[in-house]
Every structure is written in C-alpha cells, then in structure tokens.
Amino acid sequence: MDVRFGPEEQIVWPASVLAGILMCAAVYDITREVSSRCYKGYNGLNDLHKVEWNNRGFSTFHALVAAVVSFYLLVISDLFSKDVHGAIIIDRKSWVSDAMFGISLGYFLTDLVMILWHFPSLGGKEYLLHHGLSMYAISLALLSGKGHVYILMVLFTEATTPFVNLRWYLDLAGRKDSKLYLYNGVALFAGWLIARIILFVYFFAHLYLHFDQVRTVFPLGFYSTMVVPPAMSAMNIIWFQKICKGMIKAMSSASKRS
C-alpha cells in the first residue's frame with residue numbers, strides 16, 4: 001500500500017483527527033451544561049446515565065456532520081461525476097473527504113475509549129466490533145487515498161443515529177408512551193430502511209458495476225472491501241430486526257391506548 005502523505009495530508013490528517021477529538025469534548029460539555037439548565041430531570045440522573053446522555057450528544061452531532069458532508073460529496077459536488085474527472089472513481093478524493101475521515105476517526109476513537117472505560121454500560125461487543133471495523137476501513141481509505149466513495153456511502157448511514165439517540169433520551173425520560181416516541185420510532189424505521197438497508201443494496205450494486213476498478217486496489221484494501229461491508233451490512237440487518245420488533249410493539253401499545 002502506497003501511503004499518500006504529501007504536504008496537504010501532513011496538515012489535514014492530524015488536524016482533522018484532533019478536531020474530531022476536540023469536537024467530542026466540546027459537545028460533551030455543551031450537552032451537559034444545556035441539559036442541566038433546560039431539562040430538570042437531568043440532575044436527577046445517576047452518574048453513568050449522565051455520562052451516556054452527554055456521550056450521545058456528541059454522537060448525534062458527529063452523525064449530522066458526517067451525513068451532511070457525505071451527501072454533499074456524493075450527490076451535490078462533482079467529485080464522483082463520470083464526465084468531470086479523468087481519474088477512475090475508486091481513486092478520487094479531496095481534502096474535504098480526507099478531513100471528514102479524520103474527524104470521524106477522532107470521534108470513533110473518543111467514543112471507543114469511553115465505551116471501553118465504562119464497558120459494557122455504554123455498549124456491548126457489537127459496538128466494539130462496529131467501531132473497530134469503521135476505524136479500520138476509514139484508516140485504510142485515508143492512508144491510501146482509495147475507495148473514498150464507498151467510505152462516504154457508509155458514513156452517510158450515520159444519518160440514523162440521531163433517531164436512535166432520541167429514542168434512548170425519551171425512554172430514559174419516561175416518555176415511551178408519548179406521540180413523539182412513536183413518531184421517532186417510525187422515522188427510525190424508515191431512515192434505517194433507506195440509509196442502512198437500501199443504500200447498502202446500492203453500495204453492493206455499485207461495487208459490482210465498478211469491480212474492474214476495485215480490483216486495482218492494493219491486496220489488503222481489496223480483500224477488506226470484500227469482507228468489511230458485508231459484515232457491517234449483517235449488523236445493520238440484525239439491528240433492523242430489533243427496530244421492527246420495537247416499532248410493532250410501540251404501535252400495538254398506542255392502538256390499545258386509543
């Protein structure tokens with residue numbers, strides 16, 4: 001694997017990783033301050049619940065940033081347009097995608113440290129696997145400059161994270177019987193179906209149609225592309241089954257109350 005570490009990368013990579021870590025720390029503190037002042041129930045939470053509450057604050061913030069940047073690079077910009085650039089799609093990158101990958105690495109690293117420190121309260125083995133695979137795939141793409149289009153597709157799936165976190169907040173606040181909880185559950189179902197199921201179908205179709213380009217990637221990158229996305233897709237399907245069961249249960253409870 002040839003590492004692309006030119007003058008631009010020497011600045012963007014370390015700066016963006018550091019920015020990701022500082023972003024998490026800043027949003028963690030902001031979440032704590034805002035919640036303690038605006039939500040009376042926050043001060044009544046135990047220490048571990050407060051940690052997770054604040055942790056989900058920067059998790060939501062990163063998810064929004066990652067989703068917006070990924071959507072911009074994939075859909076709005078001409079970075080991956082067929083008729084604009086001469087380079088094959090698998091080789092295309094920009095300083096914006098580099099910066100986003102660095103920020104995400106900083107986020108996943110911070111979140112992973114917190115998960116391990118409070119294990120298993122903030123997440124079990126499936127979270128360790130998810131974060132480990134994410135950091136591995138992002139690092140390979142960042143260092144090699146290959147496959148940015150596919151990492152951005154996967155990062156866009158973070159768009160479902162705010163709905164997951166809101167569900168946890170409402171549950172902890174005792175609002176499981178509220179309409180907001182039900183509406184959020186429906187939004188989570190639809191978002192997960194689109195961003196983590198249908199999008200992965202498109203991901204694999206795109207991979208198949210551009211397989212001649214994928215084969216030009218260095219061996220570790222090629223075999224990782226064949227293994228990591230299916231593993232993450234399998235996790236998404238397992239979690240989707242749980243979401244479906246939860247939504248059916250919530251809608252059933254709502255219909256009984258009405």
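A salt bridge is a side-chain nitrogen of Lys or Arg within 4 Å of a carboxyl oxygen of Asp or Glu. The exercises below concern a predicted model.

**Exercise 1. Determine whether Lys-93 and Glu-9 form a salt bridge, and state which parts of the chain the pair ties together.**

Solution.
1. The closest N and O atoms of Lys-93 and Glu-9 are 3.1 Å apart.
2. The cut-off is 4 Å, so the pair counts as a salt bridge.
3. Lys-93 lies in the loop between α2 and α3, whereas Glu-9 belongs to helix α1; the pair therefore ties together parts that are 84 residues apart in sequence.
4. Both Lys-93 and Glu-9 are buried.
5. The structure holds 8 salt bridges, including this one.

**Exercise 2. Describe the salt bridges of Arg-32 and Lys-146 in terms of the positions of their partners.**

Solution.
1. Arg-32 pairs with Asp-29, with 2.9 Å between the closest N and O atoms.
2. Helix α1 contains both residues, 3 places apart, about one turn of the helix.
3. In an α-helix there are 3.6 residues a turn, so residues three or four places apart point the same way.
4. Arg-32 has a relative accessibility of 33% and is partly exposed; Asp-29, at 34%, is also partly exposed.
5. Lys-146 meets Asp-91 in a salt bridge with an N to O distance of 2.7 Å.
6. This pair links distant parts of the chain, 55 residues apart: Lys-146 is in the loop between α4 and α5, and Asp-91 is in the loop between α2 and α3.
7. Lys-146 is partly exposed, with 21% relative accessibility.
8. Asp-29, Arg-32, Glu-33 and Arg-37 are joined into one network by salt bridges that share partners.

**Exercise 3. Check the length of helix α6 against the expected span, and identify what its buried residues pack against.**

Solution.
1. Helix α6 comprises 12 residues, 161-172.
2. The expected span is 1.5 Å times one less than the number of residues, which gives 16 Å for this helix.
3. The end C-alpha atoms are 17 Å apart, in agreement with that expectation.
4. Thr-161, Pro-162, Asn-165, Trp-168, Tyr-169 and Leu-170 are the buried residues of α6, and they pack against α2 and α7.
5. Just after α6, Gly-174 adopts a positive phi of about 75°.
6. Arg-175, in the loop between α6 and α7, is partly exposed at 40% relative accessible area.
7. Beyond residues up to four places away in sequence, Arg-175 touches Leu-170 and Tyr-181.

**Exercise 4. Which residues touch the most other members of the largest nonpolar core, and which helix supplies the largest share?**

Solution.
1. The core has 54 residues; Phe-58, Phe-101, Ile-138, Tyr-150, Ile-151, Leu-155 and Trp-192 touch the most other members.
2. At least two residues of this core come from each of α1, α2, α3, α4, α5, α7 and α9.
3. The largest share, 9 residues, is supplied by α3.
4. Another core, of 5 residues, lies apart from it and includes Tyr-42, Leu-45, Trp-53 and Trp-168.
5. In soluble globular proteins, nonpolar side chains tend to be buried together.

**Exercise 5. Classify Asn-55 and Met-1 as buried, partly exposed or exposed.**

Solution.
1. Buried means under 20% relative accessible area, and exposed means over 50%.
2. Asn-55, in helix α2, has 8% and is therefore buried.
3. Its contacts, not counting residues up to four places away in sequence, are Tyr-28, Asp-111, Met-114 and Leu-122.
4. Met-1, in the segment before α1, has 47% and is therefore partly exposed.
5. Together with Val-3, Phe-5 and Leu-143, Met-1 forms a nonpolar surface patch with about 350 Å² of accessible area.

How values were computed: Residues are numbered from 1 along each chain as its sequence is written. This is a predicted model: local features need pLDDT of at least 70, side-chain atom pairs count only at pLDDT 80 or more; totals for chains, interfaces and linings use all residues. Side-chain values use heavy atoms; hydrogens and water are left out. Patches are made of residues with over 30% relative accessible area and no salt bridge: like charges are joined within 9 Å, nonpolar side chains (Val, Leu, Ile, Met, Phe, Trp, Tyr) within 5 Å. Accessible areas come from the Shrake-Rupley method with a 1.4 Å probe; for residues, only the protein chains shown count as cover. Helices (H or I, at least four residues) and strands (E, at least two) are DSSP runs, numbered from the N terminus. Buried means under 20% relative accessible area, exposed over 50%, partly exposed in between (1.4 Å probe, protein chains only). Contact means heavy atoms within 4.5 Å. A nonpolar core is a set of buried Ala, Val, Leu, Ile, Met, Phe, Trp, Tyr and Cys residues joined through side-chain atoms within 4.5 Å.
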